[in-house]
Every structure is written in C-alpha cells, then in structure tokens.
Amino acid sequence: MSRHQETVFRVVRRYAGSADEARDLTQRAFLQALEACERTPLSSAVPFKAWVLRIAINLGKNHVRDSVKREALGAGEGQGPRVALADEALERAEQEALTRRAVLTLPPRQREVFTLRIDAGLPFAEVSATLGITEGNAKAHFHHAVKRLKEEVARLSAPGGSHDL
Amino acid sequence: MICEEVELELSGGEPSTEARAHLERCTACQETARVLGLAALPPLTQTERLVLSGLAATTVERARSQRRRGEGVRRVGTLALAAGLGALLASAVVSRPAPVSEPMVRTVMMTAPEVPVLDFDEANLSDDEVFFEVGWPSPTEGDL
Ligand SMILES: [Zn+2]
C-alpha cells in the first residue's frame, strides 16, 4: 500500500465517523489532487504529498462541519440517555472520546499541525513543509495545541465540568 | 532538558533517556503524556486495514474514468497526472511479488491548490482563529 495513501488515511480517520468514510475521504483527496495536477502547470514548489495532505485535511474539516450540521438538524433523535460512569475503563473511554473531539475544536493551524504530527506521524520538518510554515512555527503550534488540550481535559475532569464540546 | 523539549519528544517515537528521566520527576510532563495518550487515535483496526488494502485499486479505477471524461480537453499537467497515477498504480500492485520502488510523486512539484476557506465558526468548532502569531516559550527556539 502506498505510504502516501496510508498517511492520508491516518489523517482523515480523525475526521471520519467510520472506516468507510475515511476511505471515501482518502479517495476524494487523491482524485482531487490528480485532477488539480491536470489543470495546473508544473511550477512552484509544493510536492504532491503535501498537496494531497492539504486537500485531505480540508475535506476532513468539511466532513466534520457537515456532520455537525446534520447532527444539529436531527438533534434529539437517536440520542440515548447519558450513561453514568461505572468504572475506570468507562471513564477512560469517555475521556478519550472527549479529548479526541477537543482536537477537532483546536484553532485550524494547531489542529493541522497536531494531526499531521500525531495521526500521520510526520516529523516536524515534514509537517512544516506540508503546511508551508517554518519548523519552529510548527513546533510552536504543537505546543499551543497541547496546552489547550490539557486545559480542556482539566476543565472536563473538574467536578461539574461540561461534557458537551 | 526543559518541558517543551520533552513535549516534542513525547509527540512521537521513543523518548530519549534524558526525556524519560525528566518525565519521572515532572508532573506537568506526566500530564502532557497522559493527554497525548487520550488524544491519540487507536491503532488501525482490522477493518481499516482491509479498507486500506483495497483503496489503491479503486482509486486508480476512478482516476482513470475521471481522466477519460476530461480527455481531449486538458493537456497541461499530463506528466504530473501520470506521476500521481503511477504512485497509485504502484500501490495497487504492492501485494504482488514484483518489487515496487518509491512512488515518483516525491519529485513532482506544482502550485499549491486553491482550497476552500472553511468557516468552522458556524459549527462552533473553534473560537480562536488566530494562528501564525504564536509565541514559542522555549529560549532555544528562535525562528518565530
Ligand atoms: Zn516537564
């Protein structure tokens, strides 16, 4: 399997609700990148991998935005009662779900850096090349993303902390 | 070693001995490690691996039919398309015994695509759109 394709898949699964959605997003990212190749003359310096990753991130963001809209439209439907925490494992699972969701609410650049580093496992040099920023800037965004996530987790863990992101 | 350096090490790969020693005595970094663990996605499932293994072939097929539709209209960038398709084809046949070299796409350079500016606000997914203007707290990091 192409390493690019797996990298893209690993990035979009953060935004996707299922393996099928992740497949669809990955495929669309590649098709759009290929289509853009046809339209655009070969000129400046963005490698194909960076290009397809940028498209994938944008498709992912659109996907989440559309899902949120659909959820809002169908609010109240199919939502079971909130389950009381029974044990540590359940609490851990809930914290994971909330933290992963919090990643999606990070400011755009922080989220992009965070997902390229954590989900795709790209070194910071490649993260920065993909996003067209300096490596130091990418590291700074990563630091701010982590800081924000820690604050969010602390807030959610506090007694009476809201569980609705 | 300072906390920000440890944080970078915790973001991927095996932390150094120095980082691990710092981690043992620093509660802030322990919390960083815990939160990164919570935020990380689980390993790919069997289903996801299966989906991935069939992905390259179907993408190539769709790319070909997409290309057939545009045949005769677009000539510019054919080389780039060929390189991109080459990478996909290479991945589609990766399960066969023939050795597959590194995809050609690494050498293809092109203009960045125009991607839509997304408004996450309407989904209330972010209330802080200030980026680029971030400060790096580490004195060792000077390029901001
Ligand atoms: Zn520390």
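**Figure 1. Confidence across chain A of this predicted model.** Among the elements of chain A, strand β1 (residues 46-47) comes out with the lowest mean pLDDT, at 80, while α5(A) takes the highest, at 97. The whole complex is a predicted model, so pLDDT is a good place to start, being the predictor's confidence in each residue. Averaged over chain A the pLDDT is 86, and 85% of the residues score at least 70. The stretch to watch is residues 76-81 of chain A, where pLDDT stays under 50. For those residues the model has zero contacts beyond four places in sequence. Where pLDDT is low, the predicted coordinates should not be read in detail.

**Figure 2. Chain A from end to end.** What does the secondary structure of chain A come to? Seven helices and one strand, and reading along the sequence gives the pattern α-α-β-α-α-α-α-α. Chain A has 165 residues, and 55% of them are buried. If you look at contacts between residues at least 6 apart in sequence, 59% of those in chain A join residues at least 24 apart. The accessible surface of chain A is about 7000 Å², with 50% of that belonging to carbon and sulfur atoms.

**Figure 3. Helix α6 of chain A and what covers it.** Helix α6 of chain A runs over residues 124-131, and its buried residues are A:F124, A:V127, A:S128, A:T130 and A:L131. Why do these buried residues line one face of the helix? Seen down the axis of α6(A), they fall within an arc of 160°, so one face is where they end up. As background, an α-helix has 3.6 residues a turn, so residues three or four places apart point the same way. The cover over the buried residues of α6(A) includes α3 (48-73), α5 (108-118) and α7 (135-157) of chain A, together with α1 of chain B. Just after α6(A) comes A:G132, which takes a positive phi of about 70°.

**Figure 4. Two neighbours in helix α7 of chain A.** Both A:H144 and A:A145 are found in helix α7 of chain A. Are they buried or exposed? A:A145 is buried, with a relative accessible area of 0%, whereas A:H144 counts as partly exposed at 22% relative accessibility. The cut-off for buried is under 20%, so A:H144 misses that class. Leaving out residues up to four places away in sequence, A:A145 touches A:L106, A:Q110 and A:F114. The C-alpha atoms of A:A145 and A:V103 are separated by 8.1 Å, although these two residues are 42 apart along the chain. A:Q110 turns up again with the other residue: A:H144 and A:Q110 are 7.0 Å apart, C-alpha to C-alpha, with their positions 34 residues apart in sequence.

**Figure 5. The zinc site in chain B.** Which atoms coordinate the zinc ion? The donors are B:C3 (SG), B:H22 (NE2), B:C26 (SG) and B:C29 (SG), sitting at 2.0 to 2.3 Å. Angles among the four donor atoms run from 102 to 114°, and the site is tetrahedral. In sequence the donor residues are spaced C-x18-H-x3-C-x2-C. B:C3 and B:H22 link distant parts of the chain: B:C3 belongs to helix α1 (residues 3-10) of chain B and B:H22 to helix α2 (residues 17-25) of chain B, 19 residues apart. As for exposure, B:C3 is partly exposed, with a relative accessible area of 29%, while B:H22 is buried, at 5%.

**Figure 6. Chain B as a whole, and how far to trust it.** Five helices and one strand make up the secondary structure of chain B, in the order α-α-α-α-α-β along the sequence. Of the 144 residues in chain B, 35% are buried. Among contacts in chain B with a separation of 6 or more, residues 24 or more positions apart account for 34%. The accessible surface of chain B comes to about 8700 Å², and carbon and sulfur atoms hold 55% of it. The mean pLDDT of chain B is 67, and 48% of its residues reach 70 or more. Over residues 93-144 of chain B the pLDDT is below 50, yet this stretch has 120 contacts in the model beyond near neighbours in sequence. For the complex, the predictor gives an ipTM of 0.85 and a pTM of 0.73.

Technical notes: Residues numbered from 1 in each chain as written. Chains lettered and ligands numbered in written order. Predicted model: local features only at pLDDT ≥ 70, side-chain atom pairs only at ≥ 80, totals over all residues. Heavy atoms only, no water. Helix = DSSP H or I, 4+ residues; strand = E, 2+ residues; numbered from the N terminus. Buried < 20%, exposed > 50% of the residue type's maximum accessible area, 1.4 Å probe, protein only. Contact = heavy atoms within 4.5 Å. Areas by Shrake-Rupley, 256 points an atom, 1.4 Å probe, with all protein chains shown as cover. Donors = N, O, S within 2.8 Å, 3.2 Å for Na, K, Ca; no water. Tetrahedral: all angles 85-135°; square planar, octahedral: opposite > 155°, others 65-115°. Arc of directions from axis to C-beta. pLDDT = per-residue confidence, 0-100.
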